[in-house]
Structure formats: structure tokens, C-alpha cells
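Open the model in your viewer and keep the selection box handy. We will go from stop to stop, with something to select at each one.

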Amino acid sequence: YPNFRDWQDQSHAFASMAGFDEDSFNLTGTTEPERLRALYNTPGLFALLGIHPVLGREFAPGDGPYVAVLSYELWQRRFSGDTRIVGKAIRLEGSSAWSPTEPGRAYTVVGVLPPHFYFPPHRYGGDLPPEVFVPVVPNVDRGWHYLRVIGRLAPTATERQARTEMNEIAARLAQAYPADQGQGIALDGLGNVAVSDVRQTAWVLLGAVGFVLLIACANVANLLLARGATRERELAIRSMVGATRSRIVRQLLTESLLLAALGGVLGVVFAHWVLPLIASAVPERTSFFTRVHDAGIHLNFTVLAFTALLSVVSIMLFGLLPAWRAARPLRSSVTVGRIGKTRGALIALEVALSFVLLVGAGLMMKSLVRLLEVDVGFRTDRLLTMDVSLTGKKYSSPKQQAAFFGQALQGLASLPAVSSAGAITDLPLTRNSTWNDFEILGAHQQRGTAGYHAASPDYFRTMGIPLLSGRDIRDSDSALSPLVGVVNRSMAGKYWPNRNPVGTSLAVYYPVPVTTSKGSSIEFKRQELDIVGVVGDVRQLGLDAPPEPELFIPYAQWPSNDMSLVLRTQSEPSSIIPAVKKEIARADPDQPVTDIRTMDDLVSAEAAGRRFVLQLIGAFASIAVVLAAVGIYGVASYWARQRRHEIAIRLALGAKAQGIVWMVVCQNAAWLLLGIAAGLGGALATTHLLSSFLYSVRAADVTTFIGVAFLLTAIALAASYVPARQATEVDPMVALRCE
């Protein structure tokens, strides 16, 4: 906070600055307690963003710490849109020991924000936006970095000038304060921050859409070439009566433009129907969901203008060549051969683009299968999880926190449908972990880092995490007994290779909030800990992240007001949710239970982002293959109709139908092989864009490439075989008599 004030005072490149920090509150004193996302922010944030409250005002510099601004959605949902809410008090209880504010206070509402205000735009893990905003309470410790800062450039300043100025400010602060030494200031545009974690996904999907569009355009070009060949007599008559070639080209392009306009209109209608379905299919708790939730997916003037422009450009690019070819007054054998090569090249283009999309879908499918086969280190079946965050003065001491969770776990374990119950500060697969340093004491002194977790005695048994050595956490590990801990296999292997760490002592550091007359800060208290057991690894940071060193400490000795409860049930986990809520309310009716879900749902959510991208790319690849097959079928059918006289003569002279079919298939096979070769090169050049979505699969996976090549070859040959076979079933005498 002191650095933020120095930036405000010393900067001239910014017209305004504001700091903010995300947190959570419990809304109590109403019919039912509710957990709310919250934002601490300095005065002026909303004005900086161009946001004006629909009721009241935003924070002023003279306001105390206990005022609040509500989101429009919270105002409607919990307060029924009461227009007299400004000036009333609501009770917000902070749940974090790190929060600089006093927990459990009445906050006076000073304003209500307009609807659809979502800030900050970059929220980790797809969290929903904050619904209550309170002032930042200063923390005078320059070593305590808890704020993010947003600034609006002055009208005459550039980003380069701002970066230079902020670097100079950072250098001056580093000279003046030891805590700022080695610290810099990084600047980035808000737009870049908002889309940074979904930009690659958007580009991948845009590329897939572009490929499908190109395949469709190639099909249209082939159809226009075939249609032009059937209108030779009409166009020749037009030329004879005085029509110039440019006039005929304009006529054909006008007809094609009408076709494109109809296609564009149908596309817009289809998009209007399907876009809400796509938006509803975006998985929650992902960054992509955050972007869709904040910005929405809907049609507007910009989208319609882009659609119109794309339709015109597409038909100009892919309709001009067929129109130019068709406008030629005479068709020599050389011209016909060139047209055949043009159609063949278009088929090769369709096959190449389809190959790239199929390879992408195949890589994503293989990656998803391998990701879901990962051993998470525990049994996911019949596990129900939930979060409880203790708030209020009655839980301000570690002893009170440990007493509540002990009572809650005892009550939950006594439910008839519950086999066992446990608690931990950070559930596996949530990508959450508190990393702290430690020192190995004794003859093999060493410093290290591990994820610290407070866990209950029955946690490992409830989760099904195996005990590899030593003992589990026990009920006797109380606040009065010596501090003990259990390490995971990765920590044991990294810091005690070829040795059993049980019996080893560590020096750990416990964070203690300290409040003085100058503000709040954190001190770390050194304590000795004895390792009493080793357990198996779990995937703490996600399915795709390898296990890291983890240290588990009895929650009675390392209490926390934020815990996740896990229940091993004897029946369907979701069926006992009402009983679980009732049991927690019995322990304390003011404590809400949030984020209730099964562990299977949590595992599924971990792979949801990849699954969604796979579904979209798979859909595009399926459309591409269908279009390519239709295009090949159309070209083969047109070839058969054009050469019906030749085929009849061949059959009349004794040619075998199989030989004629083979001739047609071989002619298309040459273009097919050319398309596959081009698609192979294109896939090798583009699949690296999918690398961030892949797990345990190389972007140049040989088996996927070979499988796609065989699949596409089989589809293309079948599309060539069917019309060729139909052409040979015509009676030769009937065909010759028609000629």
C-alpha cells in the first residue's frame, strides 16, 4: 500500500490510479448466510473505469473502512431491488486471517453498481465476479504485496512514457526502502490481461472455423465450375449476340453474390439459434467461461457487418475463377483439361484442410483419454466435498476454529449414510496450495519448500490415500502435544532419497497476523516439527501437473478458518446434501456451506476445458469431412455424367465395369494423395498451437497422423467409388441413343 501511494504521488503519466485485492465475505443477518466474492479497492476505481453507480455513490477518501458498494445482481437477489438500500447497514464477516479489517462488522451501503459490471476481468479459475466492494485498509508493511493496481493514462501520455516513468519510480523506491530492492513494475494493457488466458483458445477455434469456410468455398467453386460447363450453349449464344466476356462474368458473379447472400442470411439465422447453446455448453470454472459470462456471445451490428463482408469476399475469391472459365466462348480439349485440374486442385485443398482438422481432433481426443486415465492418488467414488469459511469474532482464535471443525466433523461422521469424514485446507485438483519454506534439522541440514496443508485425523482414510510409512494423523495430535507432520512420497524422495524421513525434525514457520497502531502485518513464528509418516502422492495442482512436495500438519496444531470437508458416503453423495447442511447449521447457523460437489465432478471439471475445445474442434472436423466427401462425390458424379457417352462406348466394346470404376477412382486418388501430403505438412506446421491443450501426447503423434490418413483415404475413395459404380450400371444402348 505505501508503494501504491508513492506511485500515485510521483506519477504524471497516469490521470488516475486505483488499487484492489480480491477476497471473500460471509453475508449474515439475513434469512440464510451466503458466501460472497468481494473486492477491496481504493477510492476512484469506478470513476477510473467509467462506471457510475445507479444508486448512491462510490467510496470517498474520507470514508471509513466499514462502507460497502453492492453489485446490481446482489442488490436484486438478496435485497429485492430495495431503492432505500443506500444508508442501510449489512453485516459482512471476513473469513481470512490475512484480511486487514476487523471481522464481523456492520457495513453501511453507500452505492449500487449498474448491471453487468464484471471486474477484475482476469479471474483465476473462472471465478464469478465480486458482488460486494469495500475500501482497502492500508497495510504499512512495504514487504506485504497484496494489491494490484490499475491506471488510466493521461491524455497526452503514451504507454512507453508510462513504462519509463514507472521504472524510474521503482528505482527511486529501491534506493529509499530495503523492502523494494529487486522489485520492478510491470505494465500491461487491460485488454491484453482480459484475454491473455483465452487468446490461444480463440485463435485455435477461429482457425478451425476458417478451415471449414475454405472447404465450403472450395465446394461452391467446384459446383460453379460444373454449372458453368452445363451452360456452355447459353453463354455461347450470349457471346454471339454481342455480350462481352466482362459482361458475362459480371452476370455470373451477380448470380454467385445472390447465392452468397442467401448463405449468409441462413448462417446468421443458424448462429442466432446455436450461439446460446454453445454459450451454455462452456464449462464453468474455466477462464473461457469467465470471458463468455463477462462479455457474452451475441449477434450485433459488428458481427452482421463482418458476416456480410465475409460472404462478399468469399464469393469474389471462389466465384471469380468459375465465372471467368465459364465466360470463355469455346471449350477446347486443353481448356476442359485445365478445368479438370482446377477441380482436382480444389478437391486436394478440401482434403488437406480436412486432414489438419481431423489431426487436431485426434490429438485432443487422445490427450483427453490419457488425462482421464491419470492416477489421482485417491479414490474419487462416493466422495462429497464442500467448503466452510469461519467468520466472526467467535472464531478469531485458533482454538475456537479447531473446536468448530472438530464438532462439525464428529456430527457429519455420525450421519447414517457417511462412512467417514475428514477436512483439509486445500483439496486435491483445486490448484490451491500454500507454499512455505522449511529447514531439515540434524546431520543432513537442508532448506526446502513444500505445500503446507492442515488436515484432520481421518482425512487420509476418507480420501483413500495410502499410508506408506510411519503413522497417520491422530486425535491425540492436539495443540498441547508436540508438533508433528506427514509428508508425501514426492517430498520424501526429493529431500530424503534412499532414506526414510520418519523421525526427522523440521523447522517450519507459522504465519501470525499482527495488528499495531500503524496497521496490520504478518510475522512468521519458527517451530520444530517431527515427521511421523509418509503417504502417497495426489494430484494437488491439477490432472496435468506432476505431484509436488506436500506437508500435512494436524489441523488442531495448525488451525485455519478456511477448510474443505470431505465425506465418504455409502450411497449417492448428492443425496445427503440436505442432511449435511442441516448438520453444519446445527454447529453454527451463521456459517454457510459453499461449493458442494462430488469429487467425480471435480475431476470432470479439471478436464472440462480440454473437453470443450475437443467438442468444438471435433464438430468442425466432422463438418469438414462431410463437406470434403460431398465435394469429392460431386466431382466424381459430374465426371461420370460428362463422360457418359465414353463409358457407354467402352462398355459396348467389352470393357469391364470394375476397370472403369478403377479408372475413375485412380484419377481422384492422385488428387487425394496430393491433398493428404499437403495436409500432412499443414498439420505439422499448425498442431503446435494445440500444445497447451495436449497432455502426454506429442503434437506430431505418428499414430494419430497415420490413423487420420487412412480414415480420410477410405472416406474419399468411397465418395469416388459410389458415383463411378452408378455410371457403369447405365445401359450402353440407352446412353448412346440419348447422345
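Begin by selecting Ile 347, Ile 632, Asn 668, Ala 669, Leu 672, Ala 716, Leu 717 and Ser 720, which together line the largest cavity. Keep in mind throughout that you are looking at a predicted model. The space in the largest cavity comes to about 40 Å³. Now show the helices around it: α19 (657-686) and α20 (702-728) each give at least two residues to the lining. If you colour the lining by class, you should find six nonpolar residues, two polar ones and no charged ones. In total, the structure holds three cavities of 30 Å³ or more.

**Next stop: a pocket**

Move on to the second largest pocket, whose volume is about 2,500 Å³. Which residues are the closest to its centre? Select Val 209, Ala 271, Phe 306, Thr 307 and Leu 310: of the 50 residues in the lining, these are the closest to the centre of the second largest pocket. Then display α6 (199-230), α8 (245-281), α9 (287-295), α10 (301-326) and α17 (608-642), the elements that provide two or more lining residues each. Colouring by class works well here too, as the lining of the second largest pocket has 38 nonpolar residues, 11 polar ones and one charged one.

**The loop between β6 and β7**

Now zoom to the loop that runs between β6 (105-112) and β7 (132-135), where you will find Pro 120. Show the backbone atoms and look at the peptide bond that leads from Phe 119 to Pro 120: this bond is cis, with omega near -5 degrees. Most peptide bonds are trans, and most residues other than glycine have a negative phi.

Stay in the loop between β6 and β7 and select His 116. What is its phi? His 116 has a positive value of about 60 degrees, although it is not a glycine. Is His 116 buried or exposed? Its relative accessibility is 58%, and the cut-off for exposed is over 50%, so His 116 counts as exposed.

**Another positive phi**

For a further case, jump to Asn 498, in the loop between α14 (489-495) and β15 (505-516). Asn 498 is also a residue other than glycine, and its phi is positive, near 65 degrees. Switch on the surface and look for Asn 498 there: its relative accessible area is 85%, so this residue is exposed.

From here, go to helix α14 and select Met 491. Met 491 has 0% relative accessibility and therefore counts as buried. Use the distance tool from the C-alpha of Met 491 to that of Val 580: the pair is 89 residues apart along the chain, and the two atoms are separated by 34 Å.

**Two helices that cross**

Hide everything except helix α1 (residues 2-10) and helix α4 (residues 159-176). Two packed helices are described by the angle between their axes and the distance between the axes. The axes of α1 and α4 come within 11 Å and cross at roughly 130 degrees. That angle is why α1 and α4 are described as oblique to each other. Rotate the view until one helix lies in front of the other, and you can check the hand: the crossing of α1 and α4 is right-handed.

**Last stops: pairs along the chain**

Bring the whole model back and keep the distance tool on, working from C-alpha to C-alpha.

- Select Leu 371 in helix α11 (residues 333-372). Leu 371 counts as buried, because its relative accessibility is 0%. Add Tyr 695: Leu 371 and Tyr 695 are 324 residues apart in sequence, while their C-alpha atoms are 6.3 Å apart.
- Select Gln 181, in the loop between α4 and α5 (190-195). Gln 181 counts as exposed, because its relative accessibility is 53%. Add Asp 477: Gln 181 and Asp 477 are 296 residues apart in sequence and 42 Å apart in space, C-alpha to C-alpha.
- Select Thr 385 in strand β9 (residues 383-389). With a relative accessibility of 1%, Thr 385 counts as buried. Add Val 54: in sequence Thr 385 and Val 54 are 331 residues apart, and from C-alpha to C-alpha the separation is 38 Å.

Key:
Residues are numbered from 1 along each chain as its sequence is written. This is a predicted model: local features need pLDDT of at least 70, side-chain atom pairs count only at pLDDT 80 or more; totals for chains, interfaces and linings use all residues. Side-chain values use heavy atoms; hydrogens and water are left out. On a 1 Å grid over the protein atoms alone, a cavity is a set of points where a 1.4 Å probe fits but cannot get out, and a pocket is an open set with protein on both sides within 12 Å along at least five of seven lines; lining residues have an atom within 4 Å of a point. Grid points are joined across faces, edges and corners, and a volume is the space filled by probe spheres set on the points. Helices (H or I, at least four residues) and strands (E, at least two) are DSSP runs, numbered from the N terminus. Ala, Val, Leu, Ile, Met, Phe, Trp, Tyr, Cys and Pro count as nonpolar, Asp, Glu, Lys and Arg as charged, and the others, Gly among them, as polar. Buried means under 20% relative accessible area, exposed over 50%, partly exposed in between (1.4 Å probe, protein chains only). Axes are lines fitted to C-alpha atoms, for helices over the stretch in contact, and angles run from 0 to 180 degrees between N-to-C directions. Angles under 35 degrees count as roughly parallel, over 145 as roughly antiparallel, 65 to 115 as roughly perpendicular and the rest as oblique. A crossing is left-handed if the near helix is turned anticlockwise from the far one by less than a right angle, and right-handed if clockwise.
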